Amino acid sequence: MFHPKVPTNPTPTGLVTPSSAEPIAPVRHFPPPAPVAHSSPRPAVHLTPGTALALVGGGAAVVLVVGAVLVSMLLAVAISGVSVAVCAVVLRSLLASGRTHR
């Protein structure tokens, strides 16, 4: 099921037979034709002032939302780091006081 199936090719014989008995004409190379500007079947998009204002407002809203998400993630990481540091200080003081009071 998981083994690849490799197609088998017949072994080459080394004999080459021409496909036709007609003589081959020389190939002439011509320069490529100049590019032609094609008209697009789609109509061009025209922005009205209201549409442009809506696009700018939507872009600003997206930037604000992404910024708020990134800042909240940064704050979550900072708060987690501070809490781990406080736990380390408390554990260190508990271990140090346990050694001195014996």
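Colleague: How many helices and strands does the secondary structure of the chain come to?

Modeller: Happy to walk you through it; bear in mind that this is a predicted model. Strands are absent here, their count being zero. What the secondary structure of the chain does hold is one helix.

Colleague: Which residues does helix H1 cover, with Val-65 in it?

Modeller: Val-65 is a handy landmark, since it lies in helix H1. Ser-97 has its place in helix H1 too. The range of helix H1 is residues 49–100.

Colleague: What share of the residues of the chain counts as buried?

Modeller: A residue needs under 20% relative accessible area to be called buried. The chain has 102 residues, and the share that counts as buried is 0%.

Colleague: And how much of the area that the chain exposes do carbon and sulfur atoms supply?

Modeller: The chain exposes about 10600 Å². Of that area, the part from carbon and sulfur atoms is 73%.

Colleague: Is Val-65 buried or exposed?

Modeller: Val-65 helps make a nonpolar surface patch of about 550 Å², together with Val-62, Val-66, Val-69, Leu-70 and Met-73. The cut-off for exposed is over 50%. Because its relative accessibility is 52%, Val-65 counts as exposed.

Colleague: Where does UniProt place the feature "transmembrane region", and how far apart are the end C-alpha atoms of residues 77–95?

Modeller: The unreviewed UniProt entry puts that feature at residues 52–71 and 77–95. Residues 52–71 are 100% helix and 0% strand, with end C-alpha atoms 28 Å apart. Residues 77–95 are likewise 100% helix and 0% strand, and their end C-alpha atoms lie apart by 27 Å.

Colleague: Which backbone oxygen does the side chain of Ser-97 reach?

Modeller: Ser-97 is partly exposed, as its relative accessible area is 30%. Its side chain comes to 3.0 Å from its partner, the backbone oxygen of Leu-94.

Note on methods: Residues numbered from 1 in each chain as written. Predicted model: local features only at pLDDT ≥ 70, side-chain atom pairs only at ≥ 80, totals over all residues. Heavy atoms only, no water. Helix = DSSP H or I, 4+ residues; strand = E, 2+ residues; numbered from the N terminus. Buried < 20%, exposed > 50% of the residue type's maximum accessible area, 1.4 Å probe, protein only. Areas by Shrake-Rupley, 256 points an atom, 1.4 Å probe, with all protein chains shown as cover. Patch = residues over 30% accessible without salt bridge, like charges linked within 9 Å, V, L, I, M, F, W, Y side chains within 5 Å. Salt bridge = Lys/Arg side-chain N within 4 Å of Asp/Glu carboxyl O. UniProt positions renumbered as here; feature names shortened; annotations may be inferred. Polar contact = N/O pair within 3.5 Å; in protein donor to acceptor, adjacent residues only side chain to side chain.
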